[in-house]
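Please open the model in your viewer, with the sequence panel beside it, and follow the stops below in order.

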Amino acid sequence: MSSADMRRLAVVTGASRGIGAAAARILSVRGFAVALVCEKNLAMAQGIAQELNDCGGEAHAFAADLSCEAAVTSLFAAIAEQFGRMPDVLVNNAGIAHANVLACEKNEDYDRVFDVNVRSVFLCCRAVYDAMVAKKWGRIINVSSMWGVCGASCEVLYSASKAAVIGLTRGLALELAPSGITVNAIAPGVIKTDMLGCYDDETLEALAEQTPLGRLGTPEDIAAVIAFLASDDAGFVTGQVIGANGGYIT
C-alpha cells in the first residue's frame, strides 16, 4: 500500500470499553486505522480490534501504563512498528473517576488521579508532537469533563485534573496551530459507562431528570463528537472545549 493510499491512523486510549471503545468503532467506520490502547483489559481491546478487522477495518490493540514515561515511549514505538507510521489522530480518553471530600484525600489519591488523568495526556501528546509537526497535519482530542469546566463538590481532585486537561488543550492548540494541527477537548456530562457503576437506579434516574434533554448520555454520543473533531470538516476548530452534556451545564 502506498503512503497515498494509507488510512489515517488514530490512537484511542482507554479503548477497551465505554467512550474509548465507541470512539474506536466510529473512527474505524469512518475509514481510520485504529490503535486501541488500554492499561489492563487487553483481551477486551483485542476483541474490539478483531471486530473492527472482521468488518474490513485495520485495528490492533496495545496495553500500557500511560502514566509511565518509558511505557508511553515503548507504546508509540510499537504502534509505529505495527502500522508503519506514527498516528495522525490522538484521542486521549483514558481516565479514572474519583470522589471524596477534600479533607479525607491522601497524597497518593492526588498522585493517582493526576497521573492517570493529566500526566498520561501530557506524555501521549509529547509522543506524537514531532511526527505531527513534521507532517503539518494532526488532530489531538482530549476527553475532559463538565466538572473540569464548573467543578463538582466532593470531586475536587477529579475536577482539578479535568480542568488541567482543558488548560493543556488550550495552550497546546495555540502552540501547534502554525503547524496545521488542531487540539480540542470534549467535556462530557453524565454518560452511561462503568464509571456510573457506583450509583443506584434511583440516583441515575435523578441525574437523567437533572439533564435538560431528559436522559443520560451514551458513549456513542461522545464518540460522534470525537469523530467530527478528527475529520477534515473540523479543520478550523481548535482550542475549543465542546460541551456534550445534554444541557446539564451551559
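What distance should the twelve residues of α1 span at 1.5 Å a residue, and how far apart are its end C-alpha atoms? The expected span is 16 Å, taking 1.5 Å times one less than the number of residues, and the end C-alpha atoms of α1 are 17 Å apart, which agrees. Before going further, note that this is a predicted model, in which local features need pLDDT of at least 70 and side-chain atom pairs count only at pLDDT 80 or more, while totals for chains, interfaces and linings use all residues. Residues are numbered from 1 along each chain as its sequence is written, and side-chain values use heavy atoms, with hydrogens and water left out. Helices (H or I, at least four residues) and strands (E, at least two) are DSSP runs, numbered from the N terminus.

**Helix α1**

Keep α1 (18-29) selected and colour its residues by accessibility, where buried means under 20% relative accessible area, exposed over 50% and partly exposed in between, with a 1.4 Å probe and protein chains only. The helix α1 is mostly covered, since nine of its twelve residues are buried, and among them are I19, A22, I26 and L27.

**The largest pocket**

Next, display the largest pocket, whose volume is about 1100 Å³. The search uses a 1 Å grid over the protein atoms alone, and a pocket is an open set of points with protein on both sides within 12 Å along at least five of seven lines, at points where a 1.4 Å probe fits; lining residues have an atom within 4 Å of a point. Grid points are joined across faces, edges and corners, and the volume is the space filled by probe spheres set on the points. Of the 46 residues that line the largest pocket, select the closest to its centre, which are G95, I96, A97, T193 and M195. The elements that give two or more residues to this lining are α1, β2 (33-38), α4, α5 and α6 (156-176). By class, the lining holds 24 nonpolar, 14 polar and eight charged residues, where Ala, Val, Leu, Ile, Met, Phe, Trp, Tyr, Cys and Pro count as nonpolar, Asp, Glu, Lys and Arg as charged, and the others, Gly among them, as polar.

**Aromatic contacts**

Now show the aromatic side chains. A search of the whole structure finds two aromatic pairs, a pair being rings of Phe, Tyr and Trp (its six-membered ring) with centres within 6.5 Å, where planes under 30 degrees apart count as stacked, over 60 as edge-to-face and the rest as tilted. The ring centres of Y110 and F114 are 4.5 Å apart and their planes stand at 20°, so this pair is stacked. Both residues lie in helix α4 (residues 107-135), four residues apart, or about one turn of the helix. Y110 is partly exposed, with a relative accessible area of 43%, whereas F114 is buried, at 17%.

The other pair to select is W147 and Y248, which is edge-to-face, with 5.9 Å from centre to centre and 90° between the planes. W147 lies in helix α5 (residues 146-150) and Y248 in the segment after β7 (241-244), so the pair ties together parts that are 101 residues apart in sequence. Y248 is partly exposed, with a relative accessible area of 22%.

Then centre the view on W137, where R8 lies over the face of the ring, at 3.8 Å from the ring centre; the criterion is that NZ of Lys or CZ of Arg is within 6 Å of the ring centre and within 35 degrees of the ring normal.

**Two positive phi values**

Turn to the backbone at K136, found in the loop between α4 and β5 (138-143). K136 has a positive phi of about 60° although it is not a glycine. In the loop between α5 and α6, select C154, whose phi is near 65° and which counts as partly exposed at 37% relative accessibility.

**Strand β3 and helix α2**

Finally, select strand β3 (residues 59-63), in which A63 lies; F62 has its place in this strand too. F62 is buried, with a relative accessible area of 11%, while A63 counts as partly exposed at 43%. The C-alpha atoms of A63 and T13, 50 residues apart along the chain, are separated by 9.5 Å. In helix α2 (residues 42-54) select G47, and place a distance label to H60, 13 residues away in sequence and 9.6 Å away in space, C-alpha to C-alpha.
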